[in-house]
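Here is a friendly note to read beside the structure. Please keep the 3D view open and follow the points in order.

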Amino acid sequence: MYKIGIPRGMLFYDYYPLWAEFFKELGAEVIVSPKTNKDILNSGVLNCVDESCLPVKVFHGHADYLKDKVDYIFIPKMISIRKLEYCCPKILGLPDMVRFSIADLPPIIDTTINLRKINYTSSKYKKAVYEAGKYITQNKSKIRNAYKKAWESYERYLYLLSKGVIPIEAVKMYNKTFVDLNYNSKNHDMSIMVVGHPYNIYDEYLNMNLISKLINNRIKVMTPEMVSKDEIIYYSNQLPKRMFWTYGRRIVGSAFSLIEKDEVEGIIYLSSFGCGIDSILIDLIERKAKSKGVPFTLLTLDEQTGEAGIDTRIEAFIDMMKWRNKDDCDISTFR
Ligand code: SF4
């Protein structure tokens with residue numbers, strides 16, 4: 001039985017159910033790297049070029065962890081995942097960066113996904129699916145059926161996200177028959193949107209358990225993945241210029257939607273050191289929040305692992321929001 005390694009980083013929280021179920025249905029064993037930890041972070045920093053952003057470095061650490069344990073590592077080349085949009089250049093260059101940075105890797109399954117001009121039903125996309133499946137079997141109908149079943153799991157996963165389940169939980173729940181859809185919204189005093197790229201928001205080691213800390217403080221947490229595609233498109237179209245990065249569009253559209261509809265009382269933007277795209281997105285969202293009087297704060301993640309700094313910032317932000325609600329807007333909403 002082939003062993004396929006899936007690194008727990010970058011687009012893992014967007015596509016894990018689809019990728020994992022596909023390879024499992026083909027008869028392979030799927031091995032996922034563990035949650036990010038100090039060793040993975042250190043090995044990512046050592047193995048990746050210095051100029052890269054933090055999530056890409058961490059991804060290298062996950063790939064390095066898997067290299068002696070699997071027959072193949074699955075790192076698709078994600079050029080575009082929506083019509084007329086692109087992924088960040090560092091995402092589309094990921095398989096090549098990993099291949100040339102880490103020694104003694106097993107072969108990488110680096111199927112190209114480019115949906116800039118096509119959609120998921122196009123023959124070109126199906127060809128990409130066959131290309132990935134061929135590493136396990138040459139039987140086309142088996143690959144087709146495996147993909148169909150994997151897509152069903154993926155749709156179930158997307159359904160959970162649309163019901164407010166955070167991806168960290170949804171990856172554990174998507175193949176269970178019963179799930180508690182209300183665990184994140186019970187007994188909350190306030191709601192805060194944690195906005196940013198999924199690999200920052202859902203990597204509990206990098207962000208030092210930000211989401212759990214908020215939930216434990218009786219905060220309902222909203223993230224971009226909980227906002228519908230239609231809303232994201234509608235609100236991101238408010239920008240004078242079209243946003244052609246898919247994640248940029250998701251981040252801006254979801255934040256604009258929740259701010260405009262008055263569904264969040266505060267925004268925490270979680271950025272990572274070295275991200276060029278975030279410098280634009282942060283400014284757009286901060287301006288929108290300011291125009292609507294919604295408190296906004298920015299947390300930038302880097303390779304430091306001291307927790308006190310982030311804890312102090314979160315506590316100060318929550319306290320400010322509580323006092324502000326109590327004292328009827330006497331307190332500044334920014335920083
Ligand atoms: S969007 Fe930013 S954080 Fe994500 S891969 Fe690109 S540079 Fe890195």
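1. Let us begin with the second largest pocket of this predicted model. Its lining divides into 6 nonpolar, 1 polar and 3 charged residues. The residues concerned are Tyr120, Thr121, Tyr125, Lys126, Val129, Tyr130, Arg144, Tyr147, Lys148 and Trp151. Two elements, α6 (123-133) and α7, each give two or more residues to this lining. The space in the second largest pocket comes to about 260 Å³.

2. Now please turn to the largest pocket, which holds about 720 Å³ of space. It is lined by 28 residues, and those closest to its centre are Arg82, Tyr154, Leu158, Lys229 and Arg250. Two or more lining residues come from each of α1 (12-25), α7 (140-162), α11 (229-236) and α12 (246-260). The largest share is that of α7, with 5 residues. By class, the lining of the largest pocket has 15 nonpolar, 4 polar and 9 charged residues.

3. Where does the largest pocket lie with respect to domain 1 and domain 2? Residues of both domain 1 (3-162) and domain 2 (185-326) contribute to its lining, so the largest pocket lies between the two domains.

4. The ligand is worth a look next. Around the ligand you will find Met10, Cys53, Pro55, Cys88, Lys90, Ile91, His197, Tyr199, Ser272, Cys275 and Ile277. This shell is made up of 8 nonpolar, 2 polar and 1 charged residues. The ligand, too, lies between domain 1 (3-162) and domain 2 (185-326), because both give residues to the shell around it.

5. Moving on to enclosed spaces, the count is 5 cavities of 30 Å³ or more. The largest cavity has about 210 Å³ of space. Of the 18 residues lining the largest cavity, Leu18, Trp19, Phe74, Ile113 and Tyr125 lie nearest its centre. Both α1 and α6 give two or more residues to this lining, and α1 gives the most, with 5 residues. How do the lining residues of the largest cavity divide into nonpolar, polar and charged? There are 17 nonpolar residues, 1 polar residue and no charged ones. Tyr125 may look familiar, as it is also among the residues that line the second largest pocket.

6. The second largest cavity has a volume of about 90 Å³. Its lining has 14 residues, with Leu11, Trp19, Phe59, Pro76 and Leu94 closest to the centre. Here the division is 13 nonpolar, 1 polar and no charged residues. Trp19 is thus named for both cavities, being among the residues closest to the centre of the second largest cavity and among those nearest the centre of the largest cavity.

7. There are two sheets to trace. One is an open sheet of 4 strands in the order β2-β1-β3-β5, with parallel pairing. At its edges stand β2 (29-32) and β5 (108-109), each with a single partner strand, so one side of each has no neighbour in the sheet. Strand β3 (residues 72-74) runs parallel to β5 and is joined to it by 2 bridges. Phe74 stands opposite Ile109 in β5, and Phe74 is also one of the residues nearest the centre of the largest cavity.

8. The other open sheet also has 4 strands with parallel pairing, in the order β8-β7-β9-β10. Its edge strands are β8 (219-222) and β10 (296-301); each has a single partner strand, so one side of each is left without a neighbour in the sheet. From one strand to the next the twist averages 25°. Strand β9 (residues 266-272) and β10 run parallel, joined by 6 bridges. Within this pair, Tyr269 stands opposite Leu298 in β10. Ser272, one of the residues around the ligand, falls within the bounds of β9 (residues 266-272).

9. Lastly, a point on backbone angles. Most residues other than glycine have a negative phi. Leu84 has a positive value, with phi near 60°, and belongs to the loop between β4 (77-80) and α4 (89-92). Asn209 also has a positive phi, of about 60°, although it is not a glycine. You can find Asn209 in the loop between α9 (198-201) and α10 (210-216).

Technical notes
Residues are numbered from 1 along each chain as its sequence is written. This is a predicted model: local features need pLDDT of at least 70, side-chain atom pairs count only at pLDDT 80 or more; totals for chains, interfaces and linings use all residues. Side-chain values use heavy atoms; hydrogens and water are left out. On a 1 Å grid over the protein atoms alone, a cavity is a set of points where a 1.4 Å probe fits but cannot get out, and a pocket is an open set with protein on both sides within 12 Å along at least five of seven lines; lining residues have an atom within 4 Å of a point. Grid points are joined across faces, edges and corners, and a volume is the space filled by probe spheres set on the points. Ala, Val, Leu, Ile, Met, Phe, Trp, Tyr, Cys and Pro count as nonpolar, Asp, Glu, Lys and Arg as charged, and the others, Gly among them, as polar. Domain bounds come from an automatic or database domain assignment. A residue is near a molecule or strand if one of its heavy atoms lies within 4 Å of it. Two strands pair if DSSP finds at least two bridges between them. Axes are lines fitted to C-alpha atoms, for helices over the stretch in contact, and angles run from 0 to 180 degrees between N-to-C directions.
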